[in-house]
Amino acid sequence: MTATVVKTDIGYTTTDTIMVRGLNLATEIIGTFDFVDMIFHTVLSRRPSPQEKAMVNALLVTTADHGITPSSLSARLTYIGAPEALQGAVATGLLGAGSVFLGTMQNAAEMLRDAARPLAADADDAAIRDAARDLIRRHKAERRAIYGVGHPIHVDGDPRVPALRAVSRANGFFGVHWRIMDMIAEVLATEHGKKLPVNAVGAIAAMVAAMGLDPLIARGLSLVGRSAGLLAHILEEKEAPMAREAWELVLRADPRNVLP
C-alpha cells in the first residue's frame, strides 16, 4: 500500500530550521520582513511592491474596530464571562463578520470583478454607466444585495472613502473597479432616487479588485485588521469595564425585570 503524503507548500519544520515558502524564518524573515511582507509571502508566495504594501496597510488600518460595534460588544461580553480566554473573546468578535458586517468586502469585490470583466481598462464613462446600470438591474431582478453603498450613520458620505480613494490614486490602483463603484452610487441617486454613497466596504472592495487579488483576501485582511481593534476593546474592558453596564441597560429596558 502506498503511503498517503500529507503536506503543505506554505512551510515545514526540521530539528533546526523553520521554513516558510522556501525561506528560513529565523535567518531570512525575522528582522527583515514586516507584517504586510509576511502576509504576501505566506498567502501569495511573493513580496509586495511598495504600492501594494501601502494599499494593504490602508486596508488593515481601516478595518481595525472602532467604537461600539456588534463585534466589539460581543467580544467584551464574552470577555466578562471568560476573562481567562482572550482568544475566545476575539473569536466571538470575528464570528459576526458575515453578509451584514465586515464580510461584505468579499461580496463587493466579487461584484466589482464580475462587472468589470467585459470592460476595457480605459472604458469611457458611458460604458462604466452601462455596467453600473446592468449590475443594479440584475441584482434587483435576482433580489441580491448591492454591496458597498450606504451607511446607517454616515448618511451623507463615509469619511473613510475619500482617504482610501486618495491612497488608491497615489499608488496607481484607481481604475475601472473604483469607477464602477462610484457610478453605482451615482446611478442609484440620479436614476433611482436613492441616496446611498459609497462606503468603506465598497472602497476596500474596489482596492482589492484593482490589485487583482482574490476577493476572499478582502474578507481575510479585514479580519486581520479587526483583530487588532478587538484586542483594544478587550484590554479596555479589563481596565475600564462597560460590558456589564451595557448588559444591564438591556435588562432595564424590559419592565418585567426587577433589578436592584
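**Group meeting: a walk through the predicted model**

The protein chain exposes about 14500 Å², and carbon and sulfur atoms supply 59% of that area. Please keep in mind throughout that what we have in front of us is a predicted model. Of the 260 residues in the protein chain, 38% count as buried, and the C-alpha trace spans about 65 × 55 × 45 Å along its principal axes. The chain contains 12 helices and three strands, and if we take the contacts between residues at least 6 apart in sequence, 69% of them join residues at least 24 apart.

Let me turn to the interior. The largest nonpolar core has 49 residues, and those with the most contacts inside it are Leu-112, Ile-180 and Ile-184. Among the elements that give two or more residues to this core are helix H2 (35-44), helix H6 (104-116), helix H9 (176-192) and helix H11 (215-239). Which element gives the most to this core? That is H9, with nine residues. If we leave aside neighbours within four places in sequence, Leu-112 is in contact with His-177, Ile-180, Met-181 and Ile-184, and also with Gly-202, Ala-205 and Ala-206. Apart from this core lies another, of six residues, including Ala-75, Tyr-79, Val-90 and Leu-230.

Next, the aromatic rings, where the count comes to one aromatic pair. The rings of Phe-174 and Trp-178 have their centres 5.7 Å apart and their planes at 25°, and because planes under 30 degrees apart count as stacked, this pair is stacked. As for the two partners, Trp-178 counts as buried because its relative accessibility is 0%, whereas Phe-174, at 25%, counts as partly exposed. Phe-174 also has a charge over its ring, since the charged end of Arg-169 sits 3.8 Å from the ring centre. Elsewhere, Arg-47 lies over the face of Phe-33, at 4.1 Å from the centre of that ring.

I would now like to look at H2 in some detail. At its N-terminal end, Asp-34 acts as a cap, with a side-chain oxygen lying 3.1 Å from the backbone nitrogen of Val-36. Within H2, the residues Val-36, Asp-37, Ile-39, Phe-40 and His-41 are buried. What do the buried residues of H2 pack against? They pack against strand S2 (18-20), strand S3 (23-24), helix H1 (25-29), H3 and H11. After H2 comes Ser-45, whose phi is positive, near 60°.

Two single residues remain. Ser-222 lies in helix H11, and is it buried or exposed? Ser-222 counts as buried, because its relative accessibility is 0%. Not counting residues up to four places away in sequence, Ser-222 touches Leu-59, Thr-63, Leu-102 and Met-105.

Pro-197, by contrast, is found in the loop between H9 and H10, and with a relative accessible area of 22% it is partly exposed. Again setting aside residues up to four places away in sequence, Pro-197 touches Gly-148, Val-149, Gly-150, Val-155, Asp-156, Gly-157 and Ala-185. Pro-197 and Val-5 are 192 residues apart in sequence, and from C-alpha to C-alpha they are 51 Å apart in space.

Key: Residues are numbered from 1 along each chain as its sequence is written. This is a predicted model: local features need pLDDT of at least 70, side-chain atom pairs count only at pLDDT 80 or more; totals for chains, interfaces and linings use all residues. Side-chain values use heavy atoms; hydrogens and water are left out. Rings of Phe, Tyr and Trp (its six-membered ring) pair if their centres lie within 6.5 Å; planes under 30 degrees apart count as stacked, over 60 as edge-to-face and the rest as tilted. Buried means under 20% relative accessible area, exposed over 50%, partly exposed in between (1.4 Å probe, protein chains only). A charge sits over a ring if NZ of Lys or CZ of Arg is within 6 Å of the ring centre and within 35 degrees of the ring normal. A nonpolar core is a set of buried Ala, Val, Leu, Ile, Met, Phe, Trp, Tyr and Cys residues joined through side-chain atoms within 4.5 Å. Helices (H or I, at least four residues) and strands (E, at least two) are DSSP runs, numbered from the N terminus. Contact means heavy atoms within 4.5 Å. Accessible areas come from the Shrake-Rupley method with a 1.4 Å probe; for residues, only the protein chains shown count as cover. A polar contact is a pair of N or O atoms within 3.5 Å; within protein, one must be able to donate a hydrogen and the other to accept it, and residues adjacent in sequence count only if both atoms are side-chain atoms.
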